[in-house]
Amino acid sequence: MNSFPIVLTIAGSDNSGGAGIQADIKTCCAFKVYAASVITGVTAQNSRHVYGVEPVSAELLEKQIDSVFEAMTPDAVKTGMLPTPECIRMVSEKIRKHRPRHLIVDPVMVATNGDSLVCGNEIVREMKRSLLPLADLVTPNRSEASCLLAAPVESMTSEEACEALREICCSKAVLLKGGDMEGDSSIDWLFDGERFKKYSSKRIDSPNTHGTGCTLSSAIACGLAKGLPLHKAVRVAKDYVFHAIQKGKNIHIMDGHGPLYFFT
């Protein structure tokens with residue numbers, strides 16, 4: 001039988017369908033990659049507000065992850081919202097046990113509408129202690145990077161911020177995203193410990209940007225699952241998000257920050 005690339009997403013559920021597990025699965029489908037999922041928490045949210053987050057128990061989280069690896073071998077794993085320190089510890093323990101080929105950590109903390117999804121020093125400490133050192137790639141935006149560094153990245157050059165993030169995260173590589181910055185271009189910086197690579201795209205004037213971070217990290221995971229080297233996987237993923245925003249800018253699905261158009 002022919003093998004098929006598999007991505008496992010470990011993230012929260014977004015009932016509006018634009019971010020989280022739902023965005024991850026849609027992205028995998030667009031890349032023709034099989035998506036398995038582990039839900040870390042259920043959110044009540046839309047494009048305007050996050051109304052609540054309810055974490056999944058550590059016991060159920062453990063059973064979800066083990067049941068996936070019992071039946072299949074994901075080529076890449078990506079994590080999104082991890083709402084409690086206990087959740088982060090369990091995911092880290094299972095990553096060490098199952099040793100997936102690629103791990104992408106998207107340190108989701110704030111929704112596109114600006115509302116907090118997870119917060120607190122304990123979350124950040126546990127993430128830096130147990131999960132981030134296992135990652136092949138960490139993908140913070142500027143506000144998440146500032147939270148991880150406990151210092152505003154605006155006071156640093158992008159290269160300095162990437163170096164500081166890689167050091168404090170102990171990960172193999174860092175992608176510092178620039179989608180939440182102002183300007184005519186959206187610029188992301190990748191640092192793998194040896195070289196910096198700049199990815200720039202024209203900023204699109206669109207209200208529909210809900211779930212861009214989830215989509216980008218999932219798209220990178222898809223590229224890695226299909227055998228692309230990291231630098232190429234990031235380039236392909238960024239191009240995909242650009243076209244997903246461009247094609248979705250005039251589509252009205254929900255008020256406020258609507259979703260991308262996934263099937264470009």
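Biologist: What makes strand E2 and strand E3 count as a pair?

Modeller: This is a predicted model, and in it five bridges lie between E2 and E3 (residues 50–55). At least two bridges are required for a pair, so the condition is met. The two strands run in the antiparallel sense. One position in the pairing is Val-42, which stands opposite Glu-54 in E3. A hairpin of four residues joins E2 to E3.

Biologist: How do you know that E1 and E2 pair, and in which sense do they run?

Modeller: Nine bridges join E1 to E2 (residues 34–45). The requirement is at least two, so E1 and E2 are paired. Their sense is parallel. Ile-6 of this pairing faces Tyr-34 in E2.

Biologist: Which helix completes the β-α-β unit with E1 and E2, and what is the hand of the unit?

Modeller: The helix is H1 (residues 20–30), and the unit is right-handed. That name is used because the path from the first strand over the helix to the second runs clockwise when the strands point away from the viewer.

Biologist: What makes strand E4 a partner of E1?

Modeller: Four bridges connect E1 with E4 (residues 76–79), in the parallel sense. At least two are needed, so this pairing also qualifies. Val-7 has Ala-76 as its bridge partner in E4.

Biologist: Why is E1 described as largely enclosed by the rest of the structure?

Modeller: Nine of the nine residues of E1 (residues 6–14) are buried. Buried means under 20% relative accessible area, and the count for E1 is why the strand is called largely enclosed.

Biologist: Now the charged residues. Why is the contact of Glu-59 with Lys-63 called a salt bridge?

Modeller: The N to O distance between their side chains is 3.5 Å. The limit is 4 Å, so the contact qualifies. Side chains of opposite charge can pair when their charged atoms come close. Glu-59 and Lys-63 lie four residues apart in helix H2 (residues 58–71), which means that about one helical turn separates them.

Biologist: Are Glu-59 and Lys-63 buried or exposed, and what makes them so?

Modeller: Glu-59 has a relative accessible area of 52%, and Lys-63 has 52%. Exposed means over 50%, so both residues are exposed.

Biologist: What separates Lys-177 from Asp-106 along the chain, and how do you know that they form a salt bridge?

Modeller: Their side chains meet with an N to O distance of 3.6 Å, and the cut-off of 4 Å is therefore satisfied. Lys-177 sits in the loop between strands E7 and E8, while Asp-106 sits in the loop between strand E5 and helix H4, 71 residues apart. Both Lys-177 and Asp-106 are buried.

Biologist: Why are Asp-239 and Arg-235 called partly exposed?

Modeller: Asp-239 has a relative accessible area of 34%, and Arg-235 has 26%. Both values fall between 20% and 50%, so partly exposed is the right term. These two residues form a salt bridge as well, with the closest N and O atoms 3.0 Å apart. They are four residues apart in helix H8 (residues 230–248), so about one helical turn lies between them.

Biologist: How many salt bridges does the structure hold, and which residues are linked in a network?

Modeller: There are 14 salt bridges. The network links Glu-62, Asp-66, Lys-94 and Lys-97.

Biologist: What makes helices H7 and H8 oblique to each other?

Modeller: H7 (residues 212–225) and H8 pack at about 140°, and their axes are 8 Å apart. Roughly antiparallel needs an angle over 145 degrees, and roughly perpendicular covers 65 to 115. The angle of about 140° fits neither, so H7 and H8 are oblique. Their crossing is right-handed.

Biologist: Why does the term oblique also apply to H5 and H6?

Modeller: The axes of H5 (residues 142–149) and H6 (residues 158–169) cross at roughly 50° and come within 10 Å. Under 35 degrees would be roughly parallel and 65 to 115 roughly perpendicular, so H5 is oblique to H6. The crossing of H5 and H6 is left-handed.

Biologist: What is the phi of Ala-150, and where is this residue?

Modeller: Its phi is near 55°, a positive value in a residue other than glycine. Ala-150 lies in the loop between H5 and H6. With a relative accessible area of 71%, Ala-150 is over the 50% limit and therefore exposed.

Notes
Residues are numbered from 1 along each chain as its sequence is written. This is a predicted model: local features need pLDDT of at least 70, side-chain atom pairs count only at pLDDT 80 or more; totals for chains, interfaces and linings use all residues. Side-chain values use heavy atoms; hydrogens and water are left out. Buried means under 20% relative accessible area, exposed over 50%, partly exposed in between (1.4 Å probe, protein chains only). Axes are lines fitted to C-alpha atoms, for helices over the stretch in contact, and angles run from 0 to 180 degrees between N-to-C directions. A crossing is left-handed if the near helix is turned anticlockwise from the far one by less than a right angle, and right-handed if clockwise.
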